[in-house]
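Here are my comments on the model you sent, set out as numbered points. I begin with the covalent link and then move outward to the other side-chain pairs, the surface and the chain as a whole.

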Amino acid sequence: MLKYMIIALITLELVLLSSFVRSPANATIRDSEIFTWDYASISNSLVVCKKVIFHPTNRKLPESSDMEPINIHSQVVNDEYCSDLTKPA
């Protein structure tokens with residue numbers, strides 16, 4: 001009985017040590033993207049379908065900030081992508 005307890009403890013120790021030694025999975029954060037109706041530009045009254053992409057960055061923010069830094073990029077796409085959204089007047 002004592003022999004089985006010692007074997008079980010050694011096995012548990014090996015499992016725990018191997019989990020600490022292994023490198024973590026190379027998980028990547030996928031960029032978030034949304035589709036929305038928006039004006040083509042600031043001075044333009046034409047409403048177009050845009051894809052807005054949010055990409056996390058490694059910039060430093062003040063320690064008092066609870067936000068995460070991101071880059072925002074948008075591009076005009078085909079109106080079919082926004083077909084299920086209500087187009088503003």
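Which residues form a disulfide, and how far apart are their sulfur atoms?

1. Please keep in mind throughout that this is a predicted model. The disulfide is formed by C49 and C82, whose sulfur atoms lie 2.0 Å apart, and the structure holds one such link. The link of C49 and C82 is right-handed, with 70° about the S-S bond. Because C49 lies in strand β2 and C82 in the segment after β3, the pair ties together parts that are 33 residues apart in sequence. As for exposure, C49 counts as buried at 0% relative accessibility, and C82 is likewise buried, with a relative accessible area of 0%.

2. A search of the whole structure finds one aromatic pair. F35 and Y81 make up this pair, which is stacked, with 5.0 Å from centre to centre and 10° between the planes. F35 belongs to strand β1 (residues 32-39), while Y81 is in the segment after β3 (70-76), so the pair ties together parts of the chain that are 46 residues apart in sequence. Neither ring should be described as buried: F35 is partly exposed at 26% relative accessibility, and Y81 is partly exposed with a relative accessible area of 49%.

3. The structure holds one salt bridge. In this salt bridge the side chains of D38 and K50 meet, at 4.0 Å from N to O. The pair links distant parts of the chain, since D38 is in strand β1 and K50 in strand β2, 12 residues apart. The two partners fall into separate exposure classes, for D38 is partly exposed with a relative accessible area of 35%, whereas K50 counts as buried at 11%. A reader who wishes to discuss the distance should note that the cut-off for a salt bridge is itself set at 4 Å.

4. Which residues does V47 touch, leaving aside its neighbours within four places in sequence? V47, found in strand β2 (residues 47-56), is in contact with W37, D38, Y39, K87 and P88. For P88 there is also a backbone distance to quote: the C-alpha atoms of V47 and P88 are separated by 7.8 Å, although these residues are 41 apart along the chain. V47 has a relative accessible area of 15% and is therefore buried, the limit being under 20%.

5. On the surface, M1, L2, M5, I6, I10 and L14 make a nonpolar patch of about 690 Å². One of these residues, I6, has its place in helix α1 (residues 2-21), and at 43% relative accessibility I6 counts as partly exposed.

6. Turning to the chain as a whole, the protein has one helix and three strands, which follow the pattern α-β-β-β when read along the sequence. Of the 89 residues in the protein chain, 13% are buried. Among contacts between residues at least 6 apart in sequence, 36% join residues at least 24 apart. The accessible surface of the protein chain comes to about 8200 Å², and 59% of this surface belongs to carbon and sulfur atoms.

Conventions. Residues numbered from 1 in each chain as written. Predicted model: local features only at pLDDT ≥ 70, side-chain atom pairs only at ≥ 80, totals over all residues. Heavy atoms only, no water. Phe/Tyr/Trp six-rings, centres within 6.5 Å; stacked < 30°, edge-to-face > 60°. Helix = DSSP H or I, 4+ residues; strand = E, 2+ residues; numbered from the N terminus. Buried < 20%, exposed > 50% of the residue type's maximum accessible area, 1.4 Å probe, protein only. Contact = heavy atoms within 4.5 Å. Disulfide = S-S within 2.5 Å. Patch = residues over 30% accessible without salt bridge, like charges linked within 9 Å, V, L, I, M, F, W, Y side chains within 5 Å. Areas by Shrake-Rupley, 256 points an atom, 1.4 Å probe, with all protein chains shown as cover.
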